[in-house]
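Take a moment to look over the sequence and the structure shown below. The paragraphs that follow begin at one spot and work outwards from there.

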Amino acid sequence: MTKALSGVRILDFTHVQSGPTCTQLLAWFGADVVKVERPGMGDITRGQLRDKPNVDSLYFTMLNHNKRSITLDTKNPKGKEVLTELIKKCDVLVENFGPGVLDRMGFPWEKIQSINPKMIVASIKGFGPGPYEDCKVYENVAQCTGGSASTTGFRDGLPLVTGAQIGDSGTGLHLALGIVAALYQRTMTGRGQRVMAAMQDGVLNLARVKLRDQQRLAHGPLTEYSQYGEGIPFGDAVPRAGNDSGGGQPGRILKCKGWEKDPNAYIYFITQAPVWEKICDVIGEPGWKTHPDYAKPPARLPRLNEIFSRIEQWTMTMTKFEAMEILNKDDIPCGPILSMKELAEDQSLRATGTVVEVDHPERGKYLSVGNPIKMSDSPSEVTRSPLLGEHTDEILRQVLGFSDHQVAEIHDSGALDPPRKVAAE
Ligand code: CAO
């Protein structure tokens with residue numbers, strides 16, 4: 001069966017997390033992803049957060065499925081020749097090097113264009129052009145500079161970073177969309193183009209409701225924020241709102257049975273206006289349906305603490321799953337707080353391929369997250385990540401068409417060897 005991106009070849013110069021998430025998605029859509037890695041060391045994540053000695057870490061394996069790996073020293077003259085040939089044979093170059101690295105390697109955009117005018121060059125950087133453009137950036141830096149941290153956490157506590165990797169994986173997703181759009185445009189123009197996704201921009205895009213609220217602040221307090229009901233005045237920037245819902249319908253995380261011992265025995269509960277009467281019936285407060293202090297949303301806003309305390313008395317009498325079942329019957333929006341253990345064991349996620357078991361020759365079986373995007377005509381099978389340089393000769397021969405003699409020459413040149421340490425003088 002053909003896949004959505006069958007026939008597209010990606011020159012994958014990505015490392016760590018942001019870039020690899022992008023190229024992994026492209027691989028799942030059927031692109032041939034050729035990951036170029038430094039001889040000897042490869043992507044730094046191969047050795048980071050290792051759970052087993054001397055095997056590729058889960059950090060690496062879970063971000064690099066369905067790819068092929070070639071090792072190449074792109075600072076070696078022969079390595080540069082090989083890279084030039086790869087540029088000719090690929091459709092997209094994806095990189096998330098530090099600022100200026102590709103230029104220093106001798107492959108600025110203009111040169112790549114002259115080698116292959118159809119090439120799309122897609123980059124992730126920490127920041128777009130501006131005062132911080134030369135900075136190296138990691139996940140939490142992006143969360144802090146993109147508006148997420150200042151709006152996450154409780155009003156009187158520290159700014160918080162989230163567990164979801166919105167800076168890295170979020171920006172990888174943005175870049176993947178830019179790449180497929182550029183591939184589509186190329187079918188009409190015949191030209192490549194540069195695609196750029198800055199991590200700060202990606203996080204701000206995901207935090208756009210908070211920029212919405214920043215502007216609303218100029219016209220009065222944010223009435224759906226708990227602090228409004230508590231009579232606490234707003235400052236001049238959007239505050240942290242705890243677990244308040246961002247959509248204007250009051251929501252909170254509430255305790256369920258077993259919360260004293262289980263840190264995840266909680267449920268998210270939204271007092272959505274259209275189902276208010278059903279909520280009153282479920283929690284045993286039918287009088288609130290008509291009482292002037294509770295019947296209409298504006299009347300409830302100053303009483304949210306009292307209302308959620310009453311709802312919590314009810315949720316504490318049952319498990320989060322029992323509460324979910326009862327509430328869903330009445331279309332009352334809610335969600336149990338699921339632990340990673342529960343998600344790993346969830347059979348419905350296994351059935352859809354969102355959680356998959358993968359076999360690896362060195363580490364054995366492990367769990368991973370499969371392609372979260374499901375396509376009817378382009379299903380994704382998750383195959384293991386490549387060992388370092390596993391496909392070097394295969395790519396030299398099959399993709400670049402080099403003869404045995406040429407392959408031997410490349411081996412002799414040192415372009416496939418780890419850089420030699422220069423003795424200190
Ligand atoms: N052959 C030879 N050299 C290679 C090579 C290869 N195959 N692949 C990489 N290199 C070299 C580069 O040429 C570069 O050398 P110079 O600095 O001498 O030009 C060097 O490796 C380091 O590249 P780097 O700056 O990308 O790597 P780093 O570890 O210093 O920084 C990171 C890592 C992530 C901070 C930086 O790449 C970055 O800011 N990237 C953009 C933002 C990003 O994606 N951040 C998310 C990372 S995930 O949390």
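Leu-11 stands opposite Val-34 in β2. This pair belongs to a predicted model. The two strands involved, β1 and β2 (residues 32-37), run parallel and are joined by four bridges. Strand β1 covers residues 9-13, and because four of its five residues are buried, the strand is largely enclosed by the rest of the structure.

What is Leu-11 in contact with, once its neighbours within four places in sequence are left aside? The list is Val-34, Val-36, Leu-86, Ile-87, Cys-90, Val-92 and Leu-93. Leu-11 also appears among the residues with the most contacts inside the largest nonpolar core, together with Ile-10, Leu-26, Val-92, Leu-93 and Ile-179. That core has 54 residues. Another core lies apart from it and has 15 residues, including Cys-280, Phe-308, Ile-311 and Ala-323. As a general point, nonpolar side chains in soluble globular proteins tend to be buried together.

Strand β6 (residues 194-198) offers a second place to look, and Val-195 is part of it. Is Val-195 buried or exposed? Val-195 has 22 other C-beta atoms within 10 Å, and therefore it is buried, since a residue with 20 or more counts as such. Its contacts beyond four places in sequence are with Ile-120, Ala-122, Leu-175, Gly-178, Ile-179 and Ala-182. Take Ala-122 from that list: 73 residues separate Ala-122 and Val-195 in sequence, yet their C-alpha atoms are 4.5 Å apart in space.

Contacts across the sequence can also be counted for the whole protein. Among contacts with a separation of 6 or more, 67% are between residues 24 or more positions apart. The protein has 425 residues, of which 36% count as buried. It contains 18 helices and eleven strands, and its C-alpha trace spans about 85 × 55 × 45 Å along the principal axes. The protein is divided into two domains: domain 1 takes in residues 9-206 and 344-413, while domain 2 takes in residues 243-332. Taken over C-alpha atoms, the centres of domain 1 and domain 2 are 43 Å apart.

Next comes the ligand. Which residues around the ligand come nearest? Of the 24 residues there, they are Val-16, Asn-96, Phe-97, Gly-98 and Lys-136. At least two residues of the shell come from each of α1 (18-28), α4 (101-104) and β5 (120-125). Sorted by class, the shell has nine nonpolar, seven polar and eight charged residues.

Val-16 deserves a second look. This residue is found in the loop between β1 and α1. Val-16 counts as partly exposed because it has 19 C-beta neighbours inside 10 Å, whereas 20 or more would make a residue buried. Its backbone angle is also worth noting. Most residues other than glycine have a negative phi. Val-16 is not a glycine, but its phi is positive, at about 60°.

Asp-331 gives another case of a positive phi in a residue other than glycine, with a value near 55°. Where does Asp-331 lie? Asp-331 is in the loop between α14 (320-329) and β9 (334-336). Asp-331 has 10 other C-beta atoms within 10 Å, so it is exposed, as 12 or fewer is the cut-off for that class.

Note on methods
Residues numbered from 1 in each chain as written. Predicted model: local features only at pLDDT ≥ 70, side-chain atom pairs only at ≥ 80, totals over all residues. Domains from an automatic or database assignment. Core = buried A, V, L, I, M, F, W, Y, C linked by C-beta atoms within 7 Å. Contact = placed C-beta atoms within 7 Å. Near = placed C-beta within 6 Å. Nonpolar A, V, L, I, M, F, W, Y, C, P; charged D, E, K, R; others polar. Pairing = 2+ DSSP bridges.
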